[in-house]
Amino acid sequence: MILMCTVSLKAQEIVKLYPGAIPGSKPTPADFKETAPVGEDGIIRVSKVSEPTLTVFLPAKEKATGAAVIICPGGGYGILAINHEGYNVAKRFTDVGVAAFVLKYRLPDDAIMVDKSFGPLMDAEQAIYLVRKQAKKWNVDPGKIGIMGFSAGGHLASTLTVHYNDIKIENKEKLSLRPDFSILIYPVVSFLESPHTGSANNLAGANATQAQKEYFSNERHVTPETPPTFLVHANDDYGVPVQNSIIFNQALVANKVKAEMHLYQNGGHGFGLKNTTTSDDWFERLTNWMKSNRFL
């Protein structure tokens, strides 16, 4: 009830991600129930997601710029910090004229997925497919649709950023699944270099093959066609080491992809919209970057 009240205050619509059968899924066990408890810190932590959705936040018509962002909350591929790294961020985007779509993606689980390692990527692909397909309905420019992710959600966003041609969903219209830009906030990037073991184990398993680790080490798949990317991290992040952002930025630079990275002295991990250790506002840096690249 608290979750629904929180969403209804700001969101216009909650859309099922798939109109029919969910690809790569197994029948959901009777005891597999989605939960969304609210912690003492006010963060809503969603778990056991079997039916993925997009929660739609649209700016006022007079403010709309045509830009859109699909937001992937983090949580180590174990939960989704859905308000802290989702709804709150979406509201901030609508304030600057950007349509925002919070992706409640399936969390990897052998109980509901044929191959749990690709469930989240399928959902990210379906999200950009859906927003691009229905761009007119939501007053969105189909050439200004970005992907954004926090922590493990940043891993999902960076996976789509580099693997958008590895199409794992039905796409009869052959729409491009390439994000026009990517926003990665203290992201997990690599399963080989300074990995976040929890995210890697939850997605690919403790006994992941070398091929899986290579595939999901996204810095290794950057090309000159990789979308322009904006990164934020804190140097004292001991949850997801800052090297994750650094090596992705290095790969972008090596491939001459437009990129901007902001590293804070402090902030730790999971600060969301507000890094309380600094008066600087990374979201303002982001909007400046979006303007300079003509996404706003």
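Contact here means heavy atoms within 4.5 Å, and axes are lines fitted to C-alpha atoms, for helices over the stretch in contact, with angles that run from 0 to 180 degrees between N-to-C directions. Helices (H or I, at least four residues) and strands (E, at least two) are DSSP runs, numbered from the N terminus. The model is predicted, so that local features need pLDDT of at least 70 and side-chain atom pairs count only at pLDDT 80 or more, while totals for chains, interfaces and linings use all residues. Residues are numbered from 1 along each chain as its sequence is written, and side-chain values use heavy atoms, with hydrogens and water left out.

**Exercise 1. The sheet and its helices**

Task: Give the strand order of the open sheet, name its edge strands, and place helices H7 and H8 on it.

Solution. Begin with pairing: two strands pair if DSSP finds at least two bridges between them. The open sheet has eight strands in the order S1-S3-S6-S4-S7-S8-S9-S10, and its pairing is mixed. Strand S1 (13-16) and S10 form the edges, each pairing on one side only, and from one strand to the next the twist averages 20°.

An antiparallel pair is found between strand S3 (residues 53-57) and S6, which are joined over five bridges; within this pair, threonine 55 has valine 102 of S6 as its bridge partner.

Then turn to the helices. Helix H7 (residues 243-254) lies across S8, S9 and S10 and runs at about 155° to S9, whereas H8 lies across S7, S8, S9 and S10 and runs at about 165° to S9.

**Exercise 2. Strand S7**

Task: Determine which strands pair with S7 in the parallel sense, and how its two faces are covered.

Solution. On one hand, strand S4 (residues 68-72) runs parallel to S7 and is joined to it by five bridges, with isoleucine 145 of S7 as the bridge partner of alanine 68. On the other hand, S7 and S8 also run parallel and are joined by five bridges, and here leucine 184 of S8 is the bridge partner of glycine 149.

The connection from S7 to S8 is described next: S7, helix H4 (residues 152-163) and S8 make a right-handed β-α-β unit, where right-handed means that, with the strands pointing away from the viewer, the path from the first strand over the helix to the second runs clockwise.

For the faces, one needs the accessibility classes: buried means under 20% relative accessible area, exposed over 50%, and partly exposed in between, with a 1.4 Å probe and protein chains only. In a regular strand the side chains alternate between the two faces of the sheet. Ile145, Ile147 and Gly149 are buried on one side of S7, and Gly146, Met148 and Phe150 are buried on the other. Six of the six residues of S7 are buried, so the strand is largely enclosed by the rest of the structure.

**Exercise 3. Helix H8**

Task: Establish how the buried residues of H8 are arranged around its axis, and what they pack against.

Solution. First list the residues: in H8 (residues 282-292), Trp282, Phe283, Leu286, Thr287, Trp289 and Met290 are buried. Viewed down the helix axis, these residues fall within an arc of 160°, so they line one face of H8; the arc is that of the directions from the helix axis to the C-beta atoms. Lys291 and Ser292 are exposed on the other side of the helix.

The buried residues pack against helix H2 (83-95) and against strands S7 (145-150), S8 (181-185), S9 (229-234) and S10 (259-264).

**Exercise 4. Two buried arginines**

Task: Locate arginine 106 and arginine 132, and identify the backbone oxygen that each side chain reaches.

Solution. A polar contact is a pair of N or O atoms within 3.5 Å; within protein, one must be able to donate a hydrogen and the other to accept it, and residues adjacent in sequence count only if both atoms are side-chain atoms. Arginine 106 sits in the loop between strand S6 (99-104) and helix H3 (119-133), and is buried with a relative accessible area of 1%. A polar atom of its side chain lies 3.1 Å from the backbone oxygen of proline 23.

Arginine 132 belongs to helix H3 and, at 11% relative accessibility, counts as buried. Its side chain reaches the backbone oxygen of serine 176 at 2.6 Å.
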